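Let's take a walk through this structure together, one region at a time. Keep the sequence and the 3D view side by side as you read.

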Amino acid sequence: MAMAADDMYEDEVDLRTPLLQLGDDVPNFSCDTTQGFVTLHDTIQGKWVMIFTMPKNLDPISVSALAAVAKLKEEFDARNVSVYGLGVDSKMNHKVWVSDTYELQEERVNFPIIVDDKAQISKAFGLVRPNETDFMHALVPCMLCVVIDPDLKMQYMAHYPMSTGHNYNEVLRVIDSLQLTREHPVCTPANWMVGEDIFIKAEVSLNEASERFVKGFLEIRNWFRLTAVPD
């Protein structure tokens, strides 16, 4: 049965709450996409989610973003991450955008693009200035990438200017860190890459560290302890 436009956003009150911050619960929303209707909370089903926004359809950086994420889709799949684009435009225009991406970048867009033509989700993400009657003129000129964990918590938000495309290999690196630190009491250094040593969190006692990190660790200070990535 077709869904009325007014029913597309289940938690409309939540979507008008103050801007989402890291650690916040992400509100549920149901919306149309280029691959059919989705409801966020139902769609995740224990997965991680990455959503990246593109304020303009006919924009070279947005096309390059679609192509870059499509090329890395298997990498996201391997990490159990569902990928969504999000654009403030109609479904028809989004489909034209998908065709343009293949024609210009020779990459097939193999993930859904959310149709946020009323900017309701964009408002929740803080991409629409308040107290504006015309949301198309109130869009914040930036591109946003967010990562949501299986508990529906916001874990990563990166705002880029309209002149600079995201580095989606960096997003994968962040996801690797988020998933590792979710499972173990560790944190990853600056510029860390998979396979490199990590830090044991400062609040972990010496006894607990000895029990948990069977590969051993190097303690330089009681709060500065390096160890290999656990199996």
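Our starting point is Asp-32, placed in the loop that runs between strand E1 (30-31) and strand E2 (38-39). Is Asp-32 buried or exposed? Its relative accessible area is 14%, and because the limit for a buried residue is under 20%, Asp-32 counts as buried. The side chain of Asp-32 has a partner, too: a polar contact of 3.4 Å links it to the side chain of Lys-91. Please keep in mind throughout that this is a predicted model.

From here, turn to the sheet of five strands. Its order is E5-E4-E3-E6-E7, the sheet is open, and the pairing is mixed. Which strands stand at the edges? They are E5 and strand E7 (154-161); each has a single partner strand, so one side of each lacks a neighbour in the sheet. On average, neighbouring strands here are turned by 20° against each other, with direction ignored.

Now let's go through the pairings. Strand E3 (residues 48-54) runs parallel to E4, and seven bridges join the two. To find this pairing in the view, look for Trp-48, which stands opposite Val-81 in E4. E3 also pairs with E6, this time antiparallel and through four bridges; here Phe-52 stands opposite Cys-145 in E6. As general background, the strands of a sheet pair through backbone hydrogen bonds, in either a parallel or an antiparallel way.

Strand E6 (residues 142-148) deserves a pause. Seven of its seven residues are buried, so the strand is largely enclosed by the rest of the structure. Cys-142, Leu-144, Val-146 and Ile-148 point one way from E6, while Met-143, Cys-145 and Val-147 point the other way, and all of them are buried. E6 then pairs with E7 in the antiparallel sense over seven bridges, and Ile-148 has Met-154 as its bridge partner in E7. The two strands form a hairpin with five residues between them, and in the turn Leu-152 has a positive phi of about 65°.

That positive phi invites a look at two other residues. Most residues other than glycine have a negative phi. Asn-80, however, has a phi near 65°, a positive value in a residue that is not glycine. Asn-80 lies in the loop between helix H4 (73-78) and strand E4 (81-87), and it is partly exposed, at a relative accessible area of 33%. Ala-119 is not a glycine either, yet its phi is positive, at about 60°. You will find Ala-119 in the loop between strand E5 (113-115) and helix H6 (120-124). Ala-119 is buried, with a relative accessible area of 0%.

Next comes helix H3. Does its length agree with what its residue count predicts, and what span should we expect? At 1.5 Å a residue, the 12 residues of H3 (residues 60-71) should span 16 Å; the end C-alpha atoms are 17 Å apart, which agrees. At the N-terminal end of H3, Asp-59 acts as a cap, with a side-chain oxygen 3.1 Å from the backbone nitrogen of Ile-61. Ile-61 is itself one of the buried residues of H3, which also include Val-63, Leu-66 and Val-69.

A second open sheet has four strands in the order E8-E9-E11-E10, with antiparallel pairing. Strand E8 (186-187) and strand E10 (217-221) stand at its edges; each has a single partner strand, so one side of each is left without a neighbour in the sheet. E10 pairs with strand E11 (residues 224-227) in the antiparallel sense over four bridges, and Glu-219 stands opposite Arg-225 in E11.

We finish with the aromatic side chains. How many aromatic pairs does a search of the whole structure find? There are four. Trp-223 and Phe-224 form an edge-to-face pair, 5.8 Å from centre to centre and with 85° between the planes. Trp-223 is exposed, at 53% relative accessibility, whereas Phe-224 is partly exposed, at 27%. Phe-52, which we met opposite Cys-145, forms one aromatic cluster with Phe-111 and Tyr-168. Finally, the ring of Tyr-102 has the charged end of Arg-108 sitting over it, 4.2 Å from the ring centre.

Key
Residues numbered from 1 in each chain as written. Predicted model: local features only at pLDDT ≥ 70, side-chain atom pairs only at ≥ 80, totals over all residues. Heavy atoms only, no water. Phe/Tyr/Trp six-rings, centres within 6.5 Å; stacked < 30°, edge-to-face > 60°. Buried < 20%, exposed > 50% of the residue type's maximum accessible area, 1.4 Å probe, protein only. Lys NZ or Arg CZ within 6 Å of the ring centre and 35° of its normal. Expected span 1.5 Å × (residues − 1). Polar contact = N/O pair within 3.5 Å; in protein donor to acceptor, adjacent residues only side chain to side chain. Pairing = 2+ DSSP bridges. Axes fitted to C-alpha atoms, helices over the stretch in contact; angles between N-to-C directions.
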